[in-house]
Number of protein chains: 2
Amino acid sequence: MAEGGGAASPGGESLLFLTDEQLRKGIEAMFFAYRGFTADPDRILETRGYGRAHHRAIHFINRQQGQTVNTLLAMLGVTKQSLNRVLRTLIEDGLVESRVGRKDKRERHLFLTEDGKALERSLSEAQRVRMRAAYRAAGPAAVAGFRQVLEAMMDPDLRRHYQAMKDSGT
Amino acid sequence: MAEGGGAASPGGESLLFLTDEQLRKGIEAMFFAYRGFTADPDRILETRGYGRAHHRAIHFINRQQGQTVNTLLAMLGVTKQSLNRVLRTLIEDGLVESRVGRKDKRERHLFLTEDGKALERSLSEAQRVRMRAAYRAAGPAAVAGFRQVLEAMMDPDLRRHYQAMKDSGT
DNA sequence: TTGGAAAGTCAACAAGGCTGACTTAAAACA
DNA sequence: TGTTTTAAGTCAGCCTTGTTGACTTTCCAA
């Protein structure tokens, strides 16, 4: 479990872990971990004929019920046309509801229906199970470090999105 | 910078960080960080008409020069047909060389050419720059935790691949 | 000598990105 | 009031990268 490459940093702020070799290991860790991270929801989505794009839409609509299409677009970083294709099927299937804005009638506000919430729960629970196991295996200190490094790795725009929804406790 | 959710764990193995809210933040961190993680190489690839699939192939061929197609397949987790399409263009473009096996002539052993190595270096250097910055910002302890959690998040098969190439110092 | 493994190829298909062009409705502005 | 801008949605077409299925060639090993 202990790191092999002298990351312990007994006294000072050791720079040993910044060798290209250590960085490459970090890169590969991201690659392999991301595969594990998406594997469980992918299996659930497949049974219903959905893909990751649907998962992302569902996740962020749940995250902030009532948000507009434009907000969601900025979050996902895809084109309107790309999102629309996904959104249309979710609305047709009764998982998402699109309501005309009251103040600004051009806007559409997006909500998960009960069915949509149910799917969201099963997807995020699958992901949480793995996350929980990884957290338990690594321990509390590791979790804090994990989050710090990931946050530092984000593009500034995305980091703002991430931090913005930091404490909005659903 | 310090975690808000009581991850400090003053005495025992606090379980406070395992709330659904904390887990959800970890999930979103993975999502946003992965975007940042791939952004820089993606820009380089685009200029040459390649995609992420090419990057992955190049990365792992460089990782273990001379490996067979089957080995690479297991690493990447895609179908032979999918890999072949990518591999063919890389060979045509002179970035990858495929040599018939000497012992077993059915096998093809894959190597990066000088051009291939050059592209690999520019891709991985772009990724390392970001990684290095994130590591510096987060500090040594955070990096160890980051790696621990990611490793625990991998599927067992992938984890074995990851660990297998742990200390093969290029 | 024959069975099966390794590699490669062709065809067809799907998801999910993209661009560009265009419409509709409504808000904002001059 | 009339014009411009914005939000959303749609149509068409393209690309990458994944999939299955069927098939061939090569060649090792039982």
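**Salt bridges and the interface between chains A and B**

Asp20(A), Glu125(B), Arg128(B) and Arg132(B) are linked in a network of salt bridges. The model is a predicted one, and every value reported here is computed from it. Within the network, Arg132(B) pairs with Glu125(B), with the closest N and O atoms 3.6 Å apart. The two partners fall into separate accessibility classes: Arg132(B) is buried because its relative accessibility is 19%, under the 20% limit, whereas Glu125(B), with a relative accessible area of 29%, is partly exposed. A search over all chains of the structure gives 30 salt bridges.

Asp20(B) takes part in salt bridges with two arginines of chain A. One of these partners is Arg128(A), for which the closest N and O atoms lie 3.4 Å apart. Arg128(A) is located in helix α5 (residues 114–138) of chain A and Asp20(B) in helix α1 of chain B, so this pair joins two chains. The other partner is Arg132(A), whose side chain meets that of Asp20(B) at 3.5 Å, N to O. Arg132(A) also belongs to helix α5 of chain A, and since Asp20(B) lies in helix α1 of chain B, this pair likewise joins two chains. Arg128(A) is buried, with a relative accessible area of 11%. Asp20(B) has a relative accessibility of 40% and therefore counts as partly exposed, a class that runs from 20% to 50%.

Across the interface of chain B and chain A, eight salt bridges are found. Among them is the pair of Glu28(B) and Arg63(A), in which the closest N and O atoms are 3.0 Å apart. The interface also holds 19 residue pairs in polar contact, with both residues of each pair at pLDDT 80 or more. On the side of chain B that touches chain A, the elements that give two or more residues are α1 (20–47), α2 (52–63), α3 (69–76), α5 (114–138), α6 (140–153) and α7 (156–164) of chain B. Of these, α1(B) gives the most, with 19 residues. By residue class, this side of chain B divides into 36 nonpolar, 14 polar and 17 charged residues.

The contact as a whole takes 67 residues from chain B and 66 residues from chain A. The size of an interface is often given as the accessible area lost when the parts come together. For chain B and chain A the buried area is about 6,900 Å², and carbon and sulfur atoms give 70% of it.

Chain A contains seven helices and two strands. Read from the N terminus, its elements follow the order α-α-α-α-β-β-α-α-α. Of the 170 residues in chain A, 49% are buried. Among contacts in chain A with a separation of 6 or more, 48% come from residues 24 or more positions apart. The accessible surface of chain A is about 8,600 Å², with 51% belonging to carbon and sulfur atoms.

Two further positions in chain B were examined. Asp40(B) is placed in helix α1 of chain B and is buried, its relative accessible area being 17%. Leaving aside residues up to four places away in sequence, Asp40(B) touches Ala126(B) and Arg130(B). Ala118(B) lies in helix α5 of chain B and is partly exposed, at 37% relative accessibility. Ala118(B) and Leu95(B) are separated by 23 residues in sequence, and their C-alpha atoms are 9.0 Å apart in space.

How values were computed: Residues are numbered from 1 along each chain as its sequence is written. Chains are lettered from A and ligands numbered from 1 in the order in which they are written. Side-chain values use heavy atoms; hydrogens and water are left out. Contact means heavy atoms within 4.5 Å. Buried area is the accessible area (1.4 Å probe) that two parts lose on being put together, summed over both. A salt bridge is a side-chain nitrogen of Lys or Arg within 4 Å of a carboxyl oxygen of Asp or Glu. A polar contact is a pair of N or O atoms within 3.5 Å; within protein, one must be able to donate a hydrogen and the other to accept it, and residues adjacent in sequence count only if both atoms are side-chain atoms. Helices (H or I, at least four residues) and strands (E, at least two) are DSSP runs, numbered from the N terminus. Ala, Val, Leu, Ile, Met, Phe, Trp, Tyr, Cys and Pro count as nonpolar, Asp, Glu, Lys and Arg as charged, and the others, Gly among them, as polar. Buried means under 20% relative accessible area, exposed over 50%, partly exposed in between (1.4 Å probe, protein chains only). Accessible areas come from the Shrake-Rupley method with a 1.4 Å probe; for residues, only the protein chains shown count as cover.
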